Amino acid sequence: MTGPEPVGVRVRMRHLGEPVALLFGRLGLTPNGLTLLGFGITVAGAALAGLGLWLAAGIVVFVGGAFDLLDGALARATGRASTVGAFLDSVFDRWGESVVYIGIVIGCLNADFNLGAILAAVAMSEAFLVSYARARAEGLGLGGGSGMAAVGLAPREVRLVILSLGLLASGLLGGVQAAGTTTGTGTSTGAWGLAADSDGARVLAAALSLIAILATITVIQRIIHVTKQAASSDGK
């Protein structure tokens, strides 16, 4: 059995979301409906990031991400879990995550903060590798179930919290601006937007860097986990 503590954290989070999920169920929403609603909210958060409304983006992105727990909790609590629902949940989770990073890239480019755009692209790439490593392993019959989801430092829940807090803190600290940016002209000098000129930009860059680093470590951890599991299976 792999990673009992992370699995326990996931279970507790899902239990906490069950009352809210059941409330949405009583309002007539289905698990797939919650999946689509969460995706729509996440897209709205991405649009806010693209507009440079970082504080609002952090709040909305976190709310949209919370539906990742609610749709599954509702499906289990009402006995409506299905293969199609699980497929849609995974696809729209990845889709929503990518849209948020794209929104951040656009928001950083609009602020001439090119470093932020680069870090967002790197974080998105590494986050997708985390998900791909799990999907590929499970497709090969290795590390299936919650065991594989618990492997690594930065599953989606952790990335969501770090990203949301980064966006929130960035907004509270004045937003994003590149070093050398001249207010009103949108131009930057010297650093080509590769250095931050505000605390908000520094915090966002730190959050994106942390996601990229932890996601990379997670991919390596999952590679090691699957390699060991495969070697154990081949040796039987």
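A cavity is a set of grid points where a 1.4 Å probe fits but cannot get out.

**View 1. Cavities in the predicted model.** This structure is a predicted model. It holds two cavities of 30 Å³ or more. The largest cavity contains about 120 Å³ of space, and the second largest has a volume of about 90 Å³.

**View 2. Residues that line the largest cavity.** The lining includes Thr-42, Val-61 and Gly-65. Gly-96, Glu-97, Val-100 and Tyr-101 are also part of the lining, as are Arg-156, Arg-159, Leu-160 and Leu-163. Three elements give two or more residues each to this lining: α3 (54–77), α4 (83–110) and α7 (156–172).

**View 3. Residue classes around the largest cavity.** Five of the lining residues are nonpolar, three are polar and three are charged. Val-61 is one of the lining residues that count as nonpolar, and Glu-97 is one of those that count as charged.

**View 4. The second largest cavity.** Its volume is about 90 Å³, and 13 residues line it. The closest of these to the cavity centre are Gly-38, Phe-39, Gly-64, Asp-93 and Arg-156. The elements that supply two or more lining residues are α2 (31–50), α3 and α4. Of the elements, α3 gives the most, with five residues.

**View 5. Residue classes around the second largest cavity.** The lining has six polar residues, four charged residues and three nonpolar residues. Arg-156 is among the residues that line this cavity, and Arg-156 is also listed in the lining of the largest cavity.

Definitions and conventions. Residues numbered from 1 in each chain as written. Predicted model: local features only at pLDDT ≥ 70, side-chain atom pairs only at ≥ 80, totals over all residues. Heavy atoms only, no water. 1 Å grid on protein atoms, 1.4 Å probe; cavity = no way out; pocket = protein on both sides within 12 Å on 5 of 7 lines; lining within 4 Å. Points joined across faces, edges and corners; volume = space filled by probe spheres on them. Helix = DSSP H or I, 4+ residues; strand = E, 2+ residues; numbered from the N terminus.
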